[in-house]
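User: Hi! I have a structure on my screen and would like to walk through it with you. Could you take my questions one at a time?

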Amino acid sequence: MALVEARELTKVFRRPDKDPGLRGAVKHLFTRRFVDKTAVDHVDLTIEAGEAVAYVGPNGAGKSTTVKLLSGILVPTSGEVRIDGLSPQRDRMAVSHRIGVLFGQRTQLWWDLPVSESLAVLRDVYGVDHGTYRRRMARFEDVLELGEVLPVLGRKLSLGQRMRADLAAALLHAPPVVYLDEPTIGLDLAVKDRVREFFRTVRDEGTTVMLTSHDLGDIEGFCRRLVIIDEGRIIFDGDLEAVKDAFARERILNVQTETAAVLDDVRAALPGAQVTAGETPLQFSVRFDRFTMTAGHVVTALAPLANLVDFGVDEPSIEDVIRRVYSGELVLTP
Ligand SMILES: Nc1ncnc2c1ncn2[C@@H]1O[C@H](COP(=O)(O)OP(=O)(O)OP(=O)(O)O)[C@@H](O)[C@H]1O
């Protein structure tokens, strides 16, 4: 069953186009000019109940705007959103009970209240009964060590404490859908580990999670599905592992030989591949396009030219592939 559905979701921001300085501001009063920025551009996205989806993209790609649209914080310019079949605009209260949102860059706690009171306010807003509240708080205490954070005022929290308190705030009403937007940003490794462990528990309990992060450590081992957004458009939606197939055509076969091979002969036998000498005369590597030849073809072509002792294929790491997708170095293969 689809819990989150976005159809042709589009958000255009209109920004004033001012010249710099006071002169620019005054001029803008008389001759108002605006520029439109399409932050989210006809995004179609369906997330099934219980799925954990990573939503990634370079800075300014439209990730946070999508999360805000999916949670009803922003109204789309066009297109529509359904959460459990409901519209975040028309069924505001019902949707707010179904979703939890954590923005790593911004808190939803009250600055001048101790965390315990912020959470108590949210308990009343969401109508969580006292028994359930106590049980959930005990659990947050267990996994997030929330106890030490409860008496602290929102504005006095360290980043790690703030993130743990915000997680509790996002999950207090046990929403079936949770959006985590940069949930580990700025955290030290120990807190990051603890928070990631908590995400896994939440996912394993059947919560649907959409996770936005620049830190692939948050994603690997947590999400199977990866959605990549670039300039407001989804450019990949599939299995995390399949991203390598979709974007990275190149493979490198590293070869070890018993006696030195004549590399020009190897090049002649493998047109289209790039043959590079290795660190010793008994090593070389063949860079090839896996859509035009397979590692098997390369090895078969090498057999009469070099007595192979050992060989291995370098697969690009997901991290490397995604970094190169962001930089525009890799594009989706048709
Ligand atoms: N309120 C706003 N008014 C005008 N433009 C905005 C507004 N919010 C976002 N934008 C613009 O929309 C685009 C997408 O922004 P968004 O914050 O969704 O990107 P992002 O993928 O979350 O980026 P990051 O990884 O840097 O957080 C950017 O060009 C941004 O400047």
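User: How many Å separate the centres of domain 1 and domain 2?

Analyst: Keep in mind that this is a predicted model. The chain is divided into domain 1, residues 2-244, and domain 2, residues 249-315. Taking the centres over C-alpha atoms, the separation between domain 1 and domain 2 is 47 Å.

User: Thanks! Which element gives the most to the shell around the ligand?

Analyst: Happy to help. The residues surrounding the ligand include Phe13, Arg15, Lys37, Ala39, Lys63, Ser64 and Thr65. Strand E1 (2-16), strand E2 (34-48) and helix H2 (63-70) each supply at least two residues of this shell. With three residues, the top contributor is H2.

User: How many polar residues does the shell around the ligand have?

Analyst: Gly57, Asn59, Gly60 and Gly62 are among the residues around the ligand, and glycine is counted as polar here. Sorted by class, the shell has three nonpolar and three charged residues, while the number of polar ones is six.

User: Which strands stand at the edges of the sheet, and why is one side of each left without a neighbour?

Analyst: Good one to trace on screen. Three strands make an open, antiparallel sheet in the order E2-E1-E4. Each edge strand has a single partner strand, so one side of it lacks a neighbour in the sheet; these strands are E2 and E4 (78-83). From one strand to the next, the twist averages 25°.

User: What is the bridge partner of valine 4 in E4?

Analyst: E1 and E4 pair in the antiparallel sense, over five bridges. Looking along E4, the bridge partner of valine 4 is isoleucine 83.

Methods:
Residues numbered from 1 in each chain as written. Predicted model: local features only at pLDDT ≥ 70, side-chain atom pairs only at ≥ 80, totals over all residues. Near = placed C-beta within 6 Å. Helix = DSSP H or I, 4+ residues; strand = E, 2+ residues; numbered from the N terminus. Pairing = 2+ DSSP bridges. Axes fitted to C-alpha atoms, helices over the stretch in contact; angles between N-to-C directions. Domains from an automatic or database assignment.
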